Amino acid sequence: PEDIRVYEFAEKLKRPMSDIIKVLFDLGMMMTKNDFLGADEIEILSEEFGVEVTIIDPKDEFNYVEEAESQEEEGEERPPIITIMGHVDHGKTSLLDAIRKAKVTEDEAGGITQHIGAYTINQHGREITFIDTPGHAAFSSMRQRGTDITDIIIIVVAADDGVKPQTEEVIKIAKDSGAPIIVALNKMDKETANPDLVKGQMAERGISPVDWGGDIEFVPLSAKTGMGLDDLLENILLTADILELKASPDANAKAAVVESSLEKGRGPVATVIVQNGTLKVGDNVVCGKAHGRVKALINENSKQIKSVPPSHTAVVVGLNEVPAAGEIMMAMKNDKEAKEYAQKRYEYDRHKELSKSTKSTLEDMTSMI
Ligand code: GTP
Ligand code: MG
């Protein structure tokens, strides 16, 4: 684990603590026996002492994560989860709204539809879940936490505007994530639309259109008129077929937080996408440092629901504090277990903060010498 102290590391290696401290000192890191070692230090030390160290993510310490993941591979087909990214004003929100309007059947009783960070549509009997553009920062932080839940990335490029700085950033993020990419050539209704120009610009950056002999689908469309939306959805489903996405509805729920806030009257709320299992009202959950019992689940039509199957979304009410976006929510056996894991996580975070601050003061000291 990452939160190992210098003396614990020495014990594990069966080496005198002074050896460890000396190596660190020689590298300019002043540490004492009770300091926590970071991933970098552990890597340096294991090289120095010729041992192999596996760094386990704190979340993996909870073996139920592994258990849940192994079940994912065997389970049943689940809907793909899609993120739409692109340059400012290229039409991400319009596209999400257009798809939603055309494809989400709103409950008659529901009335006003509230904004929720994600929604699921039905395309000829098959479902697709869209995450409302979380913004680059949120997307990147989710990836760093290893809670990247996106199966397919849609890069929106306005056909009348072409590749812009943020398009370039998005291309990089998409490539790094390894998720399949589909390009939506938006604003095709505009007279100034020039899809070939965009294709050329994208090809130059390694995103080669299928009709040019490459491997990326470019779908011309218009969020304004609705033209091409069906093509996009069909393309998503074809891509999903290749991915063979699976989950086990019977497993303990594991979900990712895509949005969270403190709401008047409701307290802390979190919009989640279920990755595996089925999240139910009454479940005892842990979510980073937060925990609680699921009091209510509310879907995108503001309707209270009893349970949320894999790849579906809901707003969860009942947590004791607001979890960060990107945090993983897990259903636990009971209230006690949920509390314990939340406490464990709280301590882990505190240790990390503490070791960070001790380290920086020590660094300041060395630089003064
Ligand atoms: P940010 O969230 O600010 O990054 O922008 P966005 O990518 O969400 O773009 P948004 O959907 O807000 O659209 C920006 C502008 O482009 C709005 O004025 C839309 O009405 C317009 N727009 C979006 N899609 C189309 C389209 O297909 N055709 C035309 N003509 N206009 C569009
Ligand atoms: Mg927008």
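**Entry 1: a strand residue and its neighbours**

I began with I154, which touches I82, T83, I84, M85, I182, A184, L232 and I236, leaving aside residues up to four places away in sequence. For my notes, a contact means heavy atoms within 4.5 Å. I should say at once that this is a predicted model, where local features need pLDDT of at least 70, side-chain atom pairs count only at pLDDT 80 or more, and totals for chains, interfaces and linings use all residues. Residues are numbered from 1 along each chain as its sequence is written, chains are lettered from A and ligands numbered from 1 in the order in which they are written, and side-chain values use heavy atoms, with hydrogens and water left out.

I found I154 in strand β7, residues 152–158. Helices (H or I, at least four residues) and strands (E, at least two) are DSSP runs, numbered from the N terminus. Is I154 buried or exposed? I154 counts as buried because its relative accessibility is 0%. Buried means under 20% relative accessible area, exposed over 50%, and partly exposed in between, with a 1.4 Å probe and protein chains only. I also looked up a distant pair: I154 and K33 are 121 residues apart in sequence and 49 Å apart in space, C-alpha to C-alpha.

**Entry 2: helix α10**

One of the contacts of I154 is I236, so I went there next. I236 lies in helix α10. What does I236 touch, not counting residues up to four places away in sequence? I noted P80, I82, I128, F130, I152, I154 and I182. I236 is buried because its relative accessible area is 0%. I236 and K172 are 64 residues apart in sequence, and I found their C-alpha atoms 20 Å apart in space.

Then I looked at the whole helix. α10 covers residues 229–243, which is 15 residues, and reaches 21 Å from its first C-alpha to its last. That is close to the 21 Å expected at 1.5 Å a residue; the expected span is 1.5 Å times one less than the number of residues. Which residues of α10 are buried? My list reads L229, L232, L233, N235, I236, L237, T239 and A240. Just after α10 comes E244, whose phi is positive, near 50°.

**Entry 3: Q123 and H124**

D230 led me to Q123: a polar contact of 2.9 Å joins their side chains. A polar contact is a pair of N or O atoms within 3.5 Å; within protein, one must be able to donate a hydrogen and the other to accept it, and residues adjacent in sequence count only if both atoms are side-chain atoms. Q123 lies in strand β5, residues 118–123. Q123 counts as buried because its relative accessibility is 1%.

H124 sits in the loop between β5 and β6 (126–131). I put H124 down as exposed because its relative accessible area is 66%. Phi of H124 is near 45°, a positive value in a residue other than glycine.

**Entry 4: around ligand 1**

Which of the 15 residues around ligand 1 come nearest? They are K92, T93, S94, K187 and D189. Here a residue is near a molecule if one of its heavy atoms lies within 4 Å of it. I sorted the shell into 2 nonpolar, 7 polar and 6 charged residues. Ala, Val, Leu, Ile, Met, Phe, Trp, Tyr, Cys and Pro count as nonpolar, Asp, Glu, Lys and Arg as charged, and the others, Gly among them, as polar. Helix α6 (residues 92–103) gives the largest share of the shell, 3 residues.

K187 has its place in the loop between β8 (181–186) and α9 (195–204). Phi of K187 is near 60°, a positive value in a residue other than glycine.

I checked some backbone partners too. An oxygen atom of ligand 1 is 2.9 Å from a polar backbone atom of A223. For K224 I noted 3.3 Å between an oxygen atom of ligand 1 and a polar backbone atom, and for H90 the corresponding distance is 3.4 Å. The protein covers 68% of the 650 Å² of accessible area that ligand 1 has on its own. Accessible areas come from the Shrake-Rupley method with a 1.4 Å probe, and for residues only the protein chains shown count as cover.

**Entry 5: the whole chain**

Last, I stepped back. I noted 11 helices and 19 strands in the chain. Of its 369 residues, 49% count as buried. Among contacts between residues at least 6 apart in sequence, 72% join residues at least 24 apart. The chain exposes about 18400 Å², and carbon and sulfur atoms supply 48% of it.
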